[in-house]
Amino acid sequence: MQHRQPFRKESFRDRPLHRAAAEGDTKAVAECLAQDINPYEPAEKGITPLFVAVRNRKEAVVRLLLDRYEEDLRSVRETIKHRFLWKVEATGWRSRPILIAWTREECERAVELATNCPAGIPLNAQVFVWLHHIHEGHRFVALDVANRSKLVAVFRFIGQLLPNGVLSLDRSDYRENYDNCLQVACCYSTVEIVDLLIARGASLTLGTGPNDRTPFMAACEMVRELMIEHLLAKHIDRFDPTARRQDEKNIVHLLVQMQEHKFLERLMDRLVQYRVKKFRETDSRAFNQIFFYRASDEWSYEHIWHHVRSQPIKQLCAKYAKQYQLDVTVDLPHTIVLEYLVRQGLLLDYCYETIRNDLSLLRLCGGYDELPILHSLIVSKRLKFAEELYRDHGEIVKGIFEAEPNQAYSTMRYVVQQADEPGLQFILKHHREYFLRDVDKLRESTVGMYFFKELRQKKPHFVDSLLEVIPELQNAINEAKSAKKETYELDNDFYAVFEKLRNSFSKTVEQLEADGKGIRGISRW
């Protein structure tokens, strides 16, 4: 969104119509139009005189420029109806560019390059041109983009016309995809001007700008509460408030990202009810359709839960998850919602209740390691809830843990690597017999792992605890303790000792010098 500075009158010293629009001087605007100044020609960043009037809330100028637009558009409708023999009510032609031929030379050239049979060109390939000066009875033509012999000339002519602007309320410049007038109005202007634009045909459904956001999204991003209430109350039949941008984010995702919990709370129930009525969805399905977000870029791992950071947003998400039954089985990049929430400690009460009601969820796998949810609960140190599951559903839960040996031993490996003593005790409390069936594999998953040497050095207390709770590993642990160090380990030890010596020597020299007892002939390292 452009900053305020480009919309001030001082920014348009060489553009009298833009300047008059910024000042709200209807007389000067009328004089500029009478002098044949193009009202559709954009300045920098696609800013037209209408943009300037809208941004500065000059309603009288907005009306004057919209009257001019309506007058010019009338000739387009007449051509569509009487020459092209198309239905004016059909909106397809409105989605195509209507370029502007402003000078007489441009108008003549437009007629030369026009097609005699617009209906023979697919609508998605059409390029229209409105003529400021009638030429040979034409005021509106379709360029002959299907004629190969004219194609180069047509494209050169299109490039020539682009600086003139576009006959549209939804786009101002086809050279760049800038925000349109209605977006600017919803962000900065009055509800009266917004209503004027909509009444004259500005679209609430079309997304423009960097991410193709709709005017409603623009208003929400600016947290313009009165404008949003107005759009929902008066124009809800004209747009989908749950629509998504080009990057697949809707207004809920944007508000969560902005941590706007108060505004999100005011909107969420209304958005759900909109989908319930519009698409005949259940409350739960409507919520899950709105709330789910995963980046469209296959290389991006972003999803909505990355932005659930502040405590108010966490509480609000927990509230809606329970109210609308959040689907925790939905896929996320390399995991599922339930696994991610358990691992990150989000919405745990809801996750636990959902698991209590459906123990089959404990078998679902998620995360890079493909551990089932039961194993993830243990690795993520959700031991109080895990203990409840073993207490209430012992045999079922025990069977889930031991169903796949690779998953069970991976869980043991994670717990040992993290030096998680409570987790180790928990696993052995419920599965000691299972792991002792194959001591060799248990040894490989613990003492035999690459990280065990570092564990001995940094967490010797945990290694002692491991030996205490699994005495069957005593020989393996003793061998690991007495094993000769590798060359790289000896090198690391040497450099560590050397660094300590260097630091202590420097400090000693500094102390001696401070005491007036310098050491001659020995330079400081």
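Begin by selecting Glu248, which at 32% relative accessibility counts as partly exposed, and bear in mind throughout that this is a predicted model. Glu248 sits in the loop between H10 and helix H11 (251–257), and its phi is near 75°, a positive value in a residue other than glycine.

Move next to Arg280, in the loop between helix H12 (261–279) and helix H13 (283–291). Here too the backbone carries a positive phi in a residue other than glycine, near 55°, and Arg280 is exposed, with a relative accessible area of 78%.

Now turn to the N-terminal helices and display helix H1 (residues 16–23) together with helix H2 (residues 26–34), whose axes come within 8 Å and cross at roughly 160°. Because angles over 145 degrees count as roughly antiparallel, that crossing makes H1 roughly antiparallel to H2. The crossing in which H1 passes H2 is left-handed. To see the contact itself, show the side chains of Pro16, Leu17, Ala20 and Ala21 in H1, which meet Ala28, Val29, Cys32 and Leu33 in H2. The residues of this contact divide into eight nonpolar, no polar and no charged.

From there, select Val54 in helix H3 (residues 49–55), which is buried, with a relative accessible area of 0%. Leaving aside residues up to four places away in sequence, Val54 touches Val62, Cys181, Val184, Ala185, Ser189, Ile193 and Leu197. For a sense of scale, pick Val379 as well: Val54 and Val379 are 325 residues apart in sequence and 57 Å apart in space, C-alpha to C-alpha.

The contacts of Val54 include Cys181, Val184 and Ala185, and these three are among the buried residues of H7, so select helix H7 (residues 181–188) next, where eight of the eight residues are buried and the helix is largely enclosed by the rest of the structure. The buried residues are Cys181, Leu182, Gln183, Val184, Ala185, Cys186, Cys187 and Tyr188, and they pack against H3, helix H8 (191–199), helix H9 (215–221) and helix H10 (225–234).

The strands come next. In strand E1 (residues 98–101), Ile98 and Ile100 point one way while Leu99 and Ala101 point the other way, and all are buried. E1 runs parallel to E2, and four bridges join the two strands, with Ile100 standing opposite Trp130 in E2. On following strand E2 (residues 128–135) to strand E3 (residues 138–142), you will find the two paired in the antiparallel sense over four bridges. Together E2 and E3 form a hairpin with two residues between them, and Glu136 in the turn has a positive phi of about 55°. His135 has His138, in E3, as its bridge partner.

Keep Trp130 on display and add Asp72, which is found in helix H4 (residues 59–82) and is buried, with a relative accessible area of 3%. Which residues does Asp72 touch, not counting residues up to four places away in sequence? They are Tyr40, Trp130, Arg139 and Leu167.

Finish the tour at helix H18 (residues 383–392), whose buried residues are Leu383, Phe385, Ala386, Glu388, Leu389 and Tyr390. To see what covers these buried residues, add the neighbouring elements, which include helix H16 (348–357), helix H17 (373–379), helix H19 (394–402) and helix H21 (421–436).

Methods
Residues numbered from 1 in each chain as written. Predicted model: local features only at pLDDT ≥ 70, side-chain atom pairs only at ≥ 80, totals over all residues. Heavy atoms only, no water. Axes fitted to C-alpha atoms, helices over the stretch in contact; angles between N-to-C directions. Parallel < 35°, antiparallel > 145°, perpendicular 65-115°, else oblique. Left-handed = near helix turned anticlockwise from the far one by under 90°. Contact = heavy atoms within 4.5 Å. Nonpolar A, V, L, I, M, F, W, Y, C, P; charged D, E, K, R; others polar. Pairing = 2+ DSSP bridges. Buried < 20%, exposed > 50% of the residue type's maximum accessible area, 1.4 Å probe, protein only.
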